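Please look at the sequence and the model below, and keep both in view while reading. The paragraphs that follow move from a loop position to the interior and then back to the loops.

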Amino acid sequence: MAEAKPGLRKPTFTKVEQLRPGTSGHTLTVKVVNTKMVMQKGRPDGPQPRQMRIAESLVGDETGMIIFTARNDQVDLLKDGSTIILRNAKIDMFKGSMRLAVDKWGRVEVTDPADFTVKEDNNLSLIEYELVNVVE
């Protein structure tokens, strides 16, 4: 009665320049250019003190760069110059520009240093998009 489970699919790696607003399920290998802490809040009330941390990190590959929003434990993995793999990443829109994020369904993992140099003149987070409602 045991059903054979389908094997895991091989990840399809995406390049930064292929990212578009409103898309998700991306797997990327990127280098961390720089990181800055945006918010750090503690919640001392309750049984265990919980801390909310958000950092914005400029990450990129040989095709371009984008801002990655890291939350809580992800912040510790983002060291300047390190290479990370983002699994099941999605594009969030923030003030009209794209941000890369990994929620609870994805994973951020540190990997061996990559041998590419980041293309710094193609920052996708600097492109501003406008929401247009199409009435049919």
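Why does Asn72 count as partly exposed? In this predicted model, Asn72 has a relative accessible area of 28%, and because partly exposed covers the range between under 20% for buried and over 50% for exposed, Asn72 falls into that middle class. The residue sits in the loop between strand S3 and helix H1, the helix being residues 73–77. Its backbone also deserves a look, since Asn72 has a positive phi of about 50° although it is not a glycine. Most residues other than glycine have a negative phi.

From this loop the reader can step back into strand S3, which spans residues 64–71 and is mostly covered, with 7 of its 8 residues buried. Strand S3 pairs in the parallel sense with strand S5, residues 97–101, over 3 bridges, and the bridge partner of Phe68 in S5 is Leu100.

Phe68 and Leu100 appear again in the interior, for the largest nonpolar core has 21 residues, and those with the most contacts inside it are Leu19, Ile66, Phe68, Leu86 and Leu100. Two or more residues of this core come from each of S1, S2 (50–61), S3, S4 (83–94) and S5, and the element that gives the most is S4, with 4 residues. Apart from this core lies another one, of 5 residues, among them Leu58, Met65, Ile67 and Val118. In soluble globular proteins, nonpolar side chains tend to be buried together.

Ile66 shows how many parts of the chain can meet around one residue: leaving aside residues up to four places away in sequence, Ile66 touches Val16, Leu19, Ser57, Leu58, Val59, Ile91, Met98, Leu100, Asn123, Leu124 and Ser125.

Leu19 is also a contact of Thr14, a residue that touches Leu19, His26, Thr27, Leu28 and Asp61 when residues up to four places away in sequence are not counted. Thr14 lies in the segment before strand S1, which covers 24–43. Is Thr14 buried or exposed? Its relative accessibility is 15%, and because buried means under 20%, Thr14 counts as buried.

A last stop is the loop between S4 and S5, where Lys95 is found. Lys95 has a phi near 50°, a positive value in a residue other than glycine. With 72% relative accessibility, Lys95 counts as exposed, whereas Asn72, which also has a positive phi, is partly exposed.

Notes:
Residues are numbered from 1 along each chain as its sequence is written. This is a predicted model: local features need pLDDT of at least 70, side-chain atom pairs count only at pLDDT 80 or more; totals for chains, interfaces and linings use all residues. Side-chain values use heavy atoms; hydrogens and water are left out. Buried means under 20% relative accessible area, exposed over 50%, partly exposed in between (1.4 Å probe, protein chains only). Two strands pair if DSSP finds at least two bridges between them. Contact means heavy atoms within 4.5 Å. A nonpolar core is a set of buried Ala, Val, Leu, Ile, Met, Phe, Trp, Tyr and Cys residues joined through side-chain atoms within 4.5 Å.
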